[in-house]
Amino acid sequence: MKTQVLIIGAGPSGLLLGQLLHNAGIDNIILERQTPEYVLSRIRAGILESGTVELLREAGAHRRMEAEGLVHDGVEFLVDGRRIPLALKTLSGGKSVMVYGQTEVTRDLMQARSEAGAQTLYGVSDVALHNLKDGAPYVTFTREGEPCRIECDYIAGCDGFHGVSRKAIPAGVLREYECVYPFGWLGLLADTPPVHHELIYAHHERGFVLCSQRSLTRSRYYLQVPLTDNVQTWTDERFWEELKRRLPQELAGKVVTGPSLEKSIAPLRSYVVEPMQYGSLFLVGDAAHIVPPTGAKGLNLAASDVNYLYRILCGVYQQGRQDLLSLYSQLALRRVWKGERFSWFMTRLLHDFQEQSAFDRRMQQAERDYFLGSQAGLTTIAENYVGLPFETVR
């Protein structure tokens with residue numbers, strides 16, 4: 001088999017890139033080691049920046065999102081017993097975010113790809129990347145017990161942190177930057193109405209809380225817990241009780257409890273590799289960077305990578321602009337590091353760290369007082385939360 005762009009990974013970034021390329025007349029094939037059902041079973045983030053929403057519209061995978069997604073013009077912070085609204089739309093020049101689950105984004109992109117007749121090969125194994133530097137790349141893999149090979153012009157590694165794409169780059173080429181946080185997030189998904197119409201980020205002496213949502217009838221809550229905790233020890237009853245203890249009385253009394261649909265503990269880390277390209281291989285999304293979910297940037301940074309790679313490849317195939325290829329890493333990384341900074345900032349602002357000194361705690365308090373107590377501070381948070389604009393590829 002041959003194709004112009006081979007995409008490894010059928011998560012939202014791979015599917016979004018594939019659909020945009022298909023619409024632009026650029027042939028592509030997606031390889032995925034899991035089944036479609038497994039891909040759709042992943043419970044992930046649900047906050048879309050305006051730039052991500054626009055990309056989904058450009059891909060033609062927006063109809064259900066616009067019918068069912070919830071536009072949010074603000075969020076709320078709970079700090080030191082105070083409820084502080086953050087008017088996103090007012091402070092960011094009219095931008096908002098959309099609450100629409102990553103699972104639903106993936107489902108819509110799968111449907112769009114199916115309707116377009118574009119090729120996705122699920123259930124592949126033994127994927128290996130070859131000839132990344134000599135201009136004739138190809139990928140080998142096994143499918144239904146048979147060895148396969150696909151030749152291509154370029155490879156997009158959209159296969160996540162544990163995928164094969166980044167590992168195919170020789171040792172010593174990439175520089176890794178990492179911060180591992182000493183706690184995790186215990187998340188619970190339930191078919192219960194959200195406790196508040198806006199998302200709530202809460203700092204509490206017992207640990208951070210995020211009250212999020214997927215729809216008007218489905219809630220997603222998170223609690224900061226030690227990394228040593230086991231999800232099996234957290235019954236639904238214990239979770240709901242702890243959630244209420246970390247919320248002020250007027251909100252705790254409004255929490256509607258119910259059986260969990262999903263419950264898990266996710267460790268938090270910040271991680272970036274540089275560069276994000278090697279020869280004919282381009283790393284996209286979690287294959288190149290991970291953020292703690294505090295800033296709602298994971299899926300949105302992946303969409304940012306897709307935006308740059310898609311526009312560069314359009315320039316290559318439609319205008320013969322081979323020179324654009326070398327721009328991908330620097331364009332993507334500039335926005336990645338800004339997203340990493342904001343996610344790191346939000347995590348440090350709203351979580352207590354056991355190793356903090358008395359000085360660190362007072363500085364953290366001063367940060368909260370400034371950023372949540374001044375127009376300039378709130379504006380900075382709002383601009384970053386709704387998403388910084390994409391640079392023009394030229």
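Which residues does threonine 120 touch, not counting residues up to four places away in sequence? The legends below, which describe close-up views of a predicted model, begin with this residue.

**View 1. Surroundings of threonine 120 in strand S8.** Threonine 120 is placed in strand S8, which spans residues 119–122, and once residues up to four places away in sequence are set aside, this threonine touches Ala10, Ile30 and Arg113. With one of these partners, arginine 113, the side chain of threonine 120 forms a polar contact of 2.7 Å. Threonine 120 has a relative accessible area of 18% and is therefore counted as buried, the cut-off being under 20%. Serine 260 lies 140 residues from threonine 120 along the chain, and the C-alpha atoms of the two are separated by 32 Å.

**View 2. Glutamine 102 in helix H6.** Glutamine 102 belongs to helix H6, whose residues run from 102 to 116. Because its relative accessibility is 14%, glutamine 102 counts as buried. Leaving out residues up to four places away in sequence, glutamine 102 is in contact with Pro12, Arg44, Ala45, Gly46 and Leu299.

**View 3. The buried residues of helix H3 and the elements they pack against.** Helix H3 covers residues 50–59, and its buried residues are Gly51, Thr52, Val53, Leu55, Leu56 and Ala59. These buried residues pack against two strands, S3 (47–48) and S7 (97–99), and against the helices H1 (12–23), H4, H6 and H9 (298–319). After H3 comes glycine 60, which has a positive phi, near 80 degrees.

**View 4. The second largest pocket and its lining.** The second largest pocket holds about 340 Å³ of space and has a lining of 17 residues, among which Thr103, Glu104, Leu189, Arg214 and Arg218 lie nearest the centre of the pocket. By residue class, the lining is made up of 8 charged, 5 polar and 4 nonpolar residues. At least two lining residues come from each of helix H4 (63–68), helix H6 (102–116) and strand S17 (260–274), and the element that gives the most to this lining is H6, with 3 residues. Helix H6 thus appears in several of these views: the helix contains glutamine 102, is among the elements that the buried residues of H3 pack against, and supplies part of the lining of the second largest pocket.

Notes: Residues numbered from 1 in each chain as written. Predicted model: local features only at pLDDT ≥ 70, side-chain atom pairs only at ≥ 80, totals over all residues. Heavy atoms only, no water. 1 Å grid on protein atoms, 1.4 Å probe; cavity = no way out; pocket = protein on both sides within 12 Å on 5 of 7 lines; lining within 4 Å. Points joined across faces, edges and corners; volume = space filled by probe spheres on them. Helix = DSSP H or I, 4+ residues; strand = E, 2+ residues; numbered from the N terminus. Nonpolar A, V, L, I, M, F, W, Y, C, P; charged D, E, K, R; others polar. Buried < 20%, exposed > 50% of the residue type's maximum accessible area, 1.4 Å probe, protein only. Contact = heavy atoms within 4.5 Å. Polar contact = N/O pair within 3.5 Å; in protein donor to acceptor, adjacent residues only side chain to side chain.
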